[in-house]
Each structure stands twice: as C-alpha cells, then as structure tokens.
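Please look over the model below; the questions that follow ask how each description of it is justified.

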Amino acid sequence: MPARPNVFVTRKIPESGLLLLKKETDVTLNPNDRALKRNEFLEYIKGRDGILTQLNDKMDAQVMEAAGKQLKVISNYAVGFDNIDVKEATKRGIVVTNTPGVLTEGTADFAWALLMSAARRVVEADALVRQGKFVGWDPLLLLGGNIYGKTLGIIGFGRIGQAVARRAYGFNMKILAYHPSRVIEAPGIAAKFVSLSELLKESDFITLHTPLTPETRHLIGEKELKSMKPTAYLINTARGPVIDEAALAKALKEKWIAGAGLDVYEKEPEVHPELLKLPNVVLAPHISSASFETRSDISLLAAKNLLAVLRGEPSLHRVN
Ligand code: DGY
C-alpha cells in the first residue's frame, strides 16, 4: 500500500475504528454532523485509496468515477450493502466489504423490542401517561396481544433471523421459517421451514430479516398482508423496500392486521404519511444496531476490513 493511504470516512463513527485507521492512514472525516449532499460527497471522495461508507451513501458508477482509479476499497459500515453497486465496483477492481456478525445480537434484541412494543402498545401507553390521561387502573385500557406461546414467523433465516429465533424459546413460541434465496443450515434451532404463504397464514408475529435484493423488493405487499391473521403483527428491521409501504399503511388502517413495528422505510428517511397518523404501528429511526457495544464493534470491523484490503491482505468480509 502507499506509505500513508488516503482514506475518507463519510460520517463520524465510534472512535474504535477511527483510532485504528489513523495508525496507518491519513483519515479525512466528514466534518458535518449530517450526511453529505451529493455534490459535496463527489468532491470529498476524490483521490481516496479507501472510503468507509454508511448505508445511506449511494455508491454508484458516478461516485466511483469521481473517486478515481486509485480507489481500492469501499468498506461499508453495515451488514447490508444494497447502497453499493457491487457489479460496478467489481468491474473497476474495487473491493467491497461489509460487517456481518457483529450486529447480529443487537439487531435481534431490537426486533424483539419492536415486537413487544407493538404487541403490548408500549408507545401508546407512554404517550397516555405523559398526556396526563392515566386516571386509574382500567380493565379495558390498552389491551394488546399476548406473545407467550404464540407462533413466530421469521422471513430470512440467516444470522439475525436465527438470533431472533433463539430469543423466542423463552416465550415458548412455535417458530416457522422461510428463507427466500436458498436452503439454509440452522443447526440446533427448532424451526419448521415452510412456504411463504404458510408462514403468512399461520404466524401471530412475522419478522423480516432478508437483505434487499431484486427478489425481496416488495416481498410483502397487499396480497401477502391480506393473507395474514387479523390479529398478527409485522416487524421490519431489515430494509424498508422489502415491504410495500403504501399497502402496509392501508393494511394497518383497515385492520387487515393488528399492528406493526418498523425500523426501516421504503424511502428512508421519509416515512409514508399515513403511517405517521396510525397508532397501531411503532416507528423507529433505523436504530436496530444502535447499541454502544454493537456500533463500536461495527466501527472496528469496518476499519479492519478497509486496512486489510489496503495492505493487500485477504479482507475479513469481502462481498465481491
Ligand atoms: C445494517 O448493518 O445493514 C443495519 O441496517 C445497520 O443497522
């Protein structure tokens, strides 16, 4: 690698990774506490040997061209890499890396946080108390759905889907699994693999853990929502476009399903305006991996991936 490679980090990340990068490279950090605008981005990336990107940085041919021929690595600070045109990067000899593994447990925790909040109406309850509307115990106040003993349908049974399944044992749940793209090993996990239509029909809770690919875009639309139980809840901590958001808003409004918990959106950071009006959906701002420990681990792994490529070593997690 050049004596001191030139690296750009598109957004401030936890210190762990930055400290590592600074030992071996000249690091430029986006000085703003916001994502760069496209024109700023195209300027900042010029002449870099490596770029550490966020999931909302669109890394397409124009960006790669603007960066220049010396660009060797795009290290994504995320496990999902649908923001990167991997084919284009491969064509240009740019290595793309991601951060699988380190955010599995944190994301699974958060899928459960959404599931429980949606089923037991935690957000509505909090609002009611703050508004001074808690006037005494009420036998019919904020009734929700039980979780214990119910059926959990997991769409996408990779690392995170399986981590969500393991947490379900404590709730004595029956687990149904559907994995869209291939047969998957899940040793030691008592899940029944079923078709998507069976999972939709039978589950009380459905949680999404697929990457966003052309096959999974709008995997859950009007037809799928209509086939769910009216008492069921849908949880999404994967990627927004896996659900047709307009169809979901309709489903929640017209009570085709009981509720939902969302951490991701179809046109992030925009949220479908109808969803914002509905009480039966819990909305979070893409924070499923946002624990101190997880974000620090992602930072370290993204830095390690980037340095390995610049050193000419096999990177830990190449996607191309
Ligand atoms: C990822 O890593 O893809 C997650 O969406 C970040 O929370």
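Q: What makes the approach of histidine 286 to the ligand a polar contact?
A: In this predicted model, a polar side-chain atom of histidine 286 lies 2.8 Å from an oxygen atom of the ligand, and because a polar contact is a pair of N or O atoms within 3.5 Å, the pair qualifies. The model is predicted, with local features needing pLDDT of at least 70 and side-chain atom pairs counting only at pLDDT 80 or more, while totals for chains, interfaces and linings use all residues. Residues are numbered from 1 along each chain as its sequence is written, and side-chain values use heavy atoms, with hydrogens and water left out.

Q: How far is a polar side-chain atom of arginine 239 from an oxygen atom of the ligand?
A: The distance is 2.7 Å for arginine 239, and a polar backbone atom of valine 79 is also 2.7 Å from an oxygen atom of the ligand.

Q: Which residues are around the ligand?
A: They are Leu55, Ala78, Val79, Gly80, Leu103, Arg239, His286 and Ser289, where near means that a heavy atom of the residue lies within 4 Å.

Q: Why is lysine 277 called exposed?
A: Lysine 277 has a relative accessible area of 60%, and exposed means over 50% (buried is under 20%, partly exposed in between, with a 1.4 Å probe and protein chains only), so the term applies.

Q: What joins the side chains of lysine 277 and glutamate 274?
A: A polar contact of 2.9 Å joins the side chains of lysine 277 and glutamate 274.

Methods: Polar contact = N/O pair within 3.5 Å; in protein donor to acceptor, adjacent residues only side chain to side chain.
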